[in-house]
Amino acid sequence: MKKVFVITGEHSGDIHAGKVIELLKEQNPDIEIQGIGGENLKKSGATLFCDHSKMSGFGLNFKMIIDHIGLENDVCEYILEEFKPDLVLLIDYGTFNLRVAKRLKGHGIKVFHYIPPQIWASRKWRIKGIKKYVDKVLCIFPFEVELYKSYGIDVHYCGHPLVKQLPEPADKNSFFEKYGLDTNKPLVSIFPGSRPLELHFLAKTFIEVAKKLQKKHPEIQFCISHAPNLKDSVFDKYIKNTDFKIIKGDNHALLSVSDSLILASGTVALEAALYKTPMIIGYRGPWLIYLIYLLVRCIKNVSLPNIITGKDIIPELIQAKFNKDNICYETEKLLYDKEYRENMIQELSEVRQKLSDKFSAKEVATSIADALK
C-alpha cells in the first residue's frame with residue numbers, strides 16, 4: 001500500500017488539500033493518507049496527525065515560533081520513524097514546509113510542493129532551498145514556470161485552484177432576502193482578515209470607515225465577513241459594538257453580490273477579482289515586519305490581481321496609506337464614479353484570462369499518482 005503525508009498550514013491550504021486527496025483516492029482507492037490539516041483534509045479520507053491550531057500565525061510571535069519548532073520536530077520524527085510515506089505533499093506555508101523538506105532530504109521520500117513560496121515576490125534566495133530539498137514543484141501561476149526551470153527545478157504548471165473550485169456567483173436577490181438586505185441600496189462588504197493579528201491591526205479602522213461612510217451616505221449597507229477558520233471568541237474580540245451584519249459561512253456569495261469590497265490583502269483579492277467585484281486593499285502590520293518586507297521584496301504590488309495583470313487596477317492602501325480618510329475616499333469612488341467603477345470591472349476581467357483553465361487539483365493528484373507508480 002502506498003502512503004502519502006500532506007502538510008498544510010492554514011484554512012486555504014486545507015481546502016486545496018481536501019480536493020487533491022479526494023481526486024487522488026479516486027485514482028488510488030487503497031492509498032493511505034495522513035497529514036496536518038483541517039476539516040477538508042479529514043473529510044477527504046485522510047487521518048489527521050494534528051490540526052492547524054499551532055500553525056496559523058503572523059509576525060515575530062515568540063509562542064508561535066516555539067510551537068512551530070515543536071511541531072516540526074514531532075512531525076518529522078513521525079514521518080521518518082513511524083509512518084514512512086512514499087511521498088510528502090507540502091501545500092503553501094513555505095517557511096515551515098521548507099524546513100520539513102530539508103529534514104526529509106536523503107531518506108528516500110519524494111517531496112512535492114504545491115503552491116510553492118512566492119519567491120518572485122520576496123526572498124528570492126529561497127529558490128536554492130527548493131532546488132536542494134524539493135523533488136517537484138507544482139506551481140499555480142504561469143509566470144512561475146520559467147523561473148523554476150531557469151534553476152533546473154522539476155516544475156509542473158497546474159493552473160490556479162480557484163479557477164475551477166470557486167463557487168458560482170450567488171443570486172443577489174436570494175442572498176439579500178436571506179440576510180435582510182435591501183436590493184435597492186448599495187452593499188459594501190468588509191473582509192478584515194483570517195488571522196488574529198490582522199484583525200488586531202485592521203478591524204478597528206475598517207469599522208470606523210463603515211460608520212463614517214454610512215453617516216455621510218445613509219443608503220450604504222455594510223456587511224462584515226467572519227473568516228471560517230476564526231473562532232467566534234477571537235472574532236468577537238475585535239469585531240464588537242457594531243450593528244453591521246456579520247456573515248459567516250457565505251463568504252464567497254458575499255464577495256460575488258457586493259457592490260464594493262474593502263479587503264485585507266490575501267487570496268480573497270483574487271477571489272473577488274474572479275467575481276469581477278470592485279475592491280480596495282487595505283493592510284497594516286507591525287512596522288518592524290513591514291520594514292523587513294521592504295528590504296526583501298522583489299515587486300512593488302501586494303495584491304494578486306495587480307501582480308497577475310501587471311497593472312495598478314486595485315488601490316493598495318498599505319501601512320502609512322492605511323487610514324480612514326483614504327479608505328473612505330477610494331470606496332466612494334468605486335460606488336459613485338461610474339466611469340472609474342466600470343473601468344475597474346473591465347480590467348478585473350483580465351485576471352481570469354491570464355490564468356489557465358486547468359483543473360489544478362486534478363493536475364496535482366495525477367502528478368502524485370504518476371510518481372507513486
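1. Asp232 is partly exposed, with a relative accessible area of 43%, so it makes a friendly place to start looking around this predicted model. Lys248 is also counted as partly exposed, at 41% relative accessibility. Between Lys248 and Asp232 there is a salt bridge, and their closest N and O atoms are 3.0 Å apart. This pair links distant parts of the chain, since Lys248 belongs to strand 10 (residues 245-248) and Asp232 to helix 10 (residues 232-238), 16 residues apart. Elsewhere, salt bridges that share partners bring Glu72, Arg99 and Arg103 together in one network.

2. How many salt bridges does the structure hold? There are 15. Another of these joins Arg195 to Glu10, with 2.8 Å between the closest N and O atoms. Arg195 sits in the loop between strand 8 (187-191) and helix 9 (196-216), while Glu10 sits in the loop between strand 1 (3-8) and helix 1 (11-27), so this pair ties together parts that are 185 residues apart in sequence. Is Glu10 buried or exposed? With a relative accessible area of 17%, Glu10 is buried, because the cut-off for that word is under 20%.

3. Now have a look at Asp325 and Lys212. They form a salt bridge in which the closest N and O atoms are 2.7 Å apart. Here, too, distant parts of the chain are linked: Asp325 is in helix 15 and Lys212 in helix 9, 113 residues apart. Both ends of the pair are partly exposed, Asp325 with a relative accessible area of 47% and Lys212 at 37% relative accessibility.

4. Next comes the inside of the protein. The largest nonpolar core has 127 residues, and those that touch the most other members are Leu89, Leu263, Met279 and Ile368. Which helix gives this core its largest share? That is helix 9, with eight residues. Try picking out Leu89 in your viewer: leaving aside residues up to four places away in sequence, Leu89 touches Phe5, Val6, Ile7, Val20, Phe112, Tyr114, Leu138, Val364 and Ile368.

5. Ala361 is a good second stop on this tour. This residue is part of helix 17 (residues 360-372) and is buried, with a relative accessible area of 0%. Not counting residues up to four places away in sequence, the residues that Ala361 touches are Lys19, Val20, Leu23, Tyr114 and Gln165. Val20 and Tyr114 may look familiar, as they are among the residues that Leu89 touches. For a sense of distance, the C-alpha atoms of Ala361 and Tyr133 are separated by 23 Å, and these two residues are 228 residues apart along the chain.

6. His160 deserves a look as well. You will find His160 in the loop between strand 7 (155-157) and helix 7 (161-165), and with a relative accessible area of 4% it is buried. What lies 3.1 Å from a polar atom of the His160 side chain? It is the backbone nitrogen of Leu162. Beyond its neighbours within four places in sequence, His160 is in contact with Ile140, Phe141, Leu270, Leu355 and Ser360.

7. A few backbone angles are worth checking. Ile115 has a positive phi, about 55°, although it is not a glycine. This residue lies in the loop between strand 5 (110-114) and helix 5 (126-133) and is buried, with a relative accessible area of 10%. Gln319, also a residue other than glycine, has a positive phi near 55°. Gln319 is located in the loop between strand 13 (316-318) and helix 15 (324-336), and it is buried at a relative accessible area of 4%. A glycine appears in this story too: Gly106, which follows helix 4, has a positive phi near 90°. Helix 4 itself (residues 94-104) has Gly94, Phe96, Asn97, Leu98, Val100, Ala101 and Leu104 as its buried residues.

8. Let us finish back on the surface. Which residues form a nonpolar patch there? Ile65, Ile66 and Ile69 do, and together they have about 230 Å² of accessible area. Ile69 belongs to helix 3 (residues 62-83) and is partly exposed, with a relative accessible area of 39%.

Terms used: Residues numbered from 1 in each chain as written. Predicted model: local features only at pLDDT ≥ 70, side-chain atom pairs only at ≥ 80, totals over all residues. Heavy atoms only, no water. Patch = residues over 30% accessible without salt bridge, like charges linked within 9 Å, V, L, I, M, F, W, Y side chains within 5 Å. Areas by Shrake-Rupley, 256 points an atom, 1.4 Å probe, with all protein chains shown as cover. Salt bridge = Lys/Arg side-chain N within 4 Å of Asp/Glu carboxyl O. Helix = DSSP H or I, 4+ residues; strand = E, 2+ residues; numbered from the N terminus. Buried < 20%, exposed > 50% of the residue type's maximum accessible area, 1.4 Å probe, protein only. Polar contact = N/O pair within 3.5 Å; in protein donor to acceptor, adjacent residues only side chain to side chain. Contact = heavy atoms within 4.5 Å. Core = buried A, V, L, I, M, F, W, Y, C linked by side-chain atoms within 4.5 Å.
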